Amino acid sequence: AARRYKLDPLLLAAVARRESGFRARAVSPVGARGIMQLMPATARELGVKNSFDPRQNINGGAKYLRRLMNQYRGNINLALAAYNAGPGAVRKYRGIPPYRETRAYVKAVRLDYDTTRRR
């Protein structure tokens with residue numbers, strides 16, 4: 001999926017680790033599902049028919065992350081913020097939204113990604 005969508009596999013893995021701990025059957029309190037924690041409407045838009053199928057879910061999440069990376073011209077922090085809080089929130093606040101959860105998410109994913117890249 002990382003190769004297909006031209007993403008660093010370490011970044012995709014850091015997102016998956018933070019989103020679900022790689023648990024294919026994970027469901028969030030707000031209804032996000034699978035390894036990449038796709039919301040049902042987002043999954044449908046991305047062509048994911050079964051969010052609990054790891055291959056479909058990871059491909060859908062990678063496709064969505066690539067879309068966000070393109071939208072934010074390669075700015076990883078903004079793409080991660082949009083992955084977590086939605087592009088509307090990033091647009092509204094013209095950057096990373098002031099939500100505690102989103103700020104912690106971006107920080108945690110970046111720490112994981114940056115740490116694994118250095119190894």
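**Entry 1: L65 and the core**

I began with L65 and looked up its contacts, where contact means heavy atoms within 4.5 Å. Leaving aside neighbours within four places in sequence, I found L65 in contact with L7, L11, L12, V15, A79 and Y83.

I noted early that this is a predicted model, in which local features need pLDDT of at least 70 and side-chain atom pairs count only at pLDDT 80 or more, while totals for chains, interfaces and linings use all residues. Residues are numbered from 1 along each chain as its sequence is written, and side-chain values use heavy atoms, with hydrogens and water left out.

Next I looked up the largest nonpolar core, a term for a set of buried Ala, Val, Leu, Ile, Met, Phe, Trp, Tyr and Cys residues joined through side-chain atoms within 4.5 Å. Buried here means under 20% relative accessible area, exposed means over 50%, and partly exposed lies in between, with a 1.4 Å probe and protein chains only. This core has 32 residues, and L65 is among those with the most contacts inside it, together with L7, V15, M36, L80 and Y83. I then listed the elements that give two or more residues to the core, and they are helix 1 (9-20), helix 3 (54-71), helix 4 (76-85) and helix 6 (100-118). Helix 4 gives the most, with 7 residues. As background, I wrote down that in soluble globular proteins nonpolar side chains tend to be buried together.

**Entry 2: helix 4**

Since helix 4 gives the most to the core, I looked up its residues one by one. I found I76, L78, A79, L80, A81, A82 and Y83 to be buried. With 7 of its 10 residues buried, helix 4 is therefore largely enclosed by the rest of the structure. I also asked myself what covers the buried residues of helix 4. The cover includes helix 1, helix 3, helix 5 (87-93) and helix 6.

**Entry 3: the chain as a whole**

I counted elements as DSSP runs numbered from the N terminus, with helices being H or I of at least four residues and strands being E of at least two. The chain has 6 helices and 0 strands, and read along the sequence it follows the pattern α-α-α-α-α-α.

For overall size, I took the radius of gyration over C-alpha atoms and the globule rule as 2.2 Å times the number of residues to the power 0.38. With 119 residues, a compact globule would have a radius near 14 Å, and the chain has 13 Å, which agrees. The C-alpha atoms fill a box of roughly 35 × 35 × 25 Å along the principal axes. Buried residues make up 46% of the 119 residues. Among contacts between residues at least 6 apart in sequence, 36% join residues at least 24 apart.

**Entry 4: three residues compared by place**

I looked up T102, which sits in helix 6 and is buried, with a relative accessible area of 2%. Leaving aside neighbours within four places in sequence, T102 is in contact with A81, N84, A85, I96 and P97.

I then turned to F52, placed in the loop between helix 2 (40-45) and helix 3, and at 19% relative accessibility F52 counts as buried. Not counting residues up to four places away in sequence, F52 touches A24, R25, A26, V27, R33 and G34. The C-alpha atoms of F52 and R25 are separated by 5.6 Å, although these residues are 27 apart along the chain.

Q56 is found in helix 3 and is partly exposed, with a relative accessible area of 28%. Apart from neighbours within four places in sequence, I found Q56 in contact with V48, K49 and N50. The C-alpha atoms of Q56 and I35, 21 residues apart along the chain, are separated by 9.8 Å.

**Entry 5: two positive phi values**

Most residues other than glycine have a negative phi. I therefore wrote down Q37, which has a positive phi of about 50° although it is not a glycine, and R73, whose phi is near 50°, also a positive value in a residue other than glycine.

Are these two residues buried or exposed? Q37, in the loop between helix 1 and helix 2, counts as buried at 11% relative accessibility. R73, in the loop between helix 3 and helix 4, counts as exposed at 80% relative accessibility.
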